[in-house]
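User: I've got a chain open on my screen and I'd like some help reading it. Let's go through it piece by piece.

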Amino acid sequence: MADISAHSRSDEEENPLERQRELMKLLSQETRHNIIQALLGHPEVLASADELNHFVPSKSKKTVEEQLEVLVGADILAVYEYPPNQEKRGLPWKFYGFTEYGAEILGDFNYLKGVPMARAVHQKTRKPGKIERHETAPRPPLPDAVRATFRLNEEAE
């Protein structure tokens, strides 16, 4: 398992097993887990808030927003902005995606094994027009290490 305690001085003093327990709790909370699964299934592993709200079952926008903030605060996710979309009506310009640290944690906790299934579910899910527009909207690139983790440079089969 990679060193997951390298983020702050207080983490370095913390028991590694306690840190692992905290990460498991962070990742397993229902709404956060569903957000992560929705991102794992997204073809670009980078989704707008509206896309995530569509794929996170029966949760209010406020609940999803609060849990996105928790994941961003934990450095699992980051907000990636694409300013050119601000000028285009109906297109998102803020997207949520994994950080390098987040991708590493997902690997450590075996989430990456579920990517093919999450992508198949995403592909088969019926989406309203707005969500399809969001899904195909131009978006910023993810860091190379994150792209490599999710094999985004490889041709689709």
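Analyst: A quick definition to start: helices (H or I, at least four residues) and strands (E, at least two) are DSSP runs, numbered from the N terminus. Also keep in mind that what you're looking at is a predicted model.

User: Okay, so where does Thr99 lie?

Analyst: Look at what sits on either side of Thr99. One neighbour is strand 3, and the other is helix 6, which covers 100-108. So, with helices and strands being DSSP runs, Thr99 belongs to the piece that links those two elements, namely the loop between strand 3 and helix 6.

User: Is Thr99 buried or exposed?

Analyst: Check its relative accessible area, which is 9%. The cut-off for buried is under 20%. Because 9% falls under that cut-off, Thr99 is buried.

User: Which residues is Thr99 in contact with, leaving aside its neighbours within four places in sequence?

Analyst: Skip those sequence neighbours and see what remains around Thr99. The contacts that are left are Asp75, Ile76, Leu77, Ala78, Tyr80 and Val146.

User: Zooming out, what pattern does the chain follow along the sequence?

Analyst: The chain has nine helices and three strands. Write α for a helix and β for a strand, then read along the sequence. You get α-α-α-β-α-α-β-β-α-α-α-α.

User: What order do the three strands have in the sheet?

Analyst: Start from the pairings. Strand 2 and strand 3 (residues 94-98) run antiparallel and are joined by five bridges, while strand 1 and strand 3 also pair in the antiparallel sense, over two bridges. The edge strands, pairing on one side only, are strand 1 (46-47) and strand 2 (77-81). That gives an open sheet with the order 1-3-2.

User: Which residue in strand 3 is the bridge partner of Leu77?

Analyst: It helps to follow strand 3 along its bridges. Lys94 is the partner of Glu81, and Gly97 is the partner of Leu46. For Leu77, the bridge partner is Phe98.

User: How many of the five residues of strand 3 are buried?

Analyst: Strand 3 is mostly covered. For the chain as a whole, 40% of the 157 residues count as buried. In strand 3, the number is four.

User: How are the rings of Phe98 and Phe150 arranged?

Analyst: The structure holds one aromatic pair. The ring centres of Phe98 and Phe150 are 5.4 Å apart and their planes are at 20°; planes under 30 degrees apart count as stacked. Phe98 is in strand 3 and Phe150 is in the segment after helix 9 (144-149), so the pair links parts of the chain 52 residues apart. Both Phe98 and Phe150 are buried, and the arrangement of their rings is stacked.

User: How does helix 2 lie relative to helix 3?

Analyst: Two packed helices are described by the angle between their axes and the distance between the axes. Helix 2 (residues 16-28) and helix 3 (residues 30-41) pack at about 75°, with axes 5 Å apart. Angles of 65 to 115 degrees count as roughly perpendicular. So helix 2, relative to helix 3, is roughly perpendicular.

User: Which residues of helix 3 meet helix 5?

Analyst: Helix 3 and helix 5 pack at about 80°, with axes 9 Å apart. By class, their contact has six nonpolar, three polar and one charged residues. On the helix 5 side you'll find Thr63, Val64, Gln67, Leu68, Val70 and Leu71. The residues they meet in helix 3 are Thr31, Arg32, Ile35 and Ile36.

User: At about what angle does helix 5 run to strand 2?

Analyst: Helix 5 spans residues 61-73. Find strand 2 and strand 3, and you'll see helix 5 lying across them. Its angle to strand 2 is about 100°.

User: How far apart in space are Pro57 and Ile35?

Analyst: Pro57 is found in the loop between helix 4 (49-55) and helix 5. At 46% relative accessibility, Pro57 counts as partly exposed. Along the sequence, Pro57 and Ile35 are 22 residues apart. In space, from C-alpha to C-alpha, the distance is 9.7 Å.

How values were computed: Residues numbered from 1 in each chain as written. Predicted model: local features only at pLDDT ≥ 70, side-chain atom pairs only at ≥ 80, totals over all residues. Heavy atoms only, no water. Pairing = 2+ DSSP bridges. Contact = heavy atoms within 4.5 Å. Axes fitted to C-alpha atoms, helices over the stretch in contact; angles between N-to-C directions. Buried < 20%, exposed > 50% of the residue type's maximum accessible area, 1.4 Å probe, protein only. Phe/Tyr/Trp six-rings, centres within 6.5 Å; stacked < 30°, edge-to-face > 60°. Parallel < 35°, antiparallel > 145°, perpendicular 65-115°, else oblique. Nonpolar A, V, L, I, M, F, W, Y, C, P; charged D, E, K, R; others polar.
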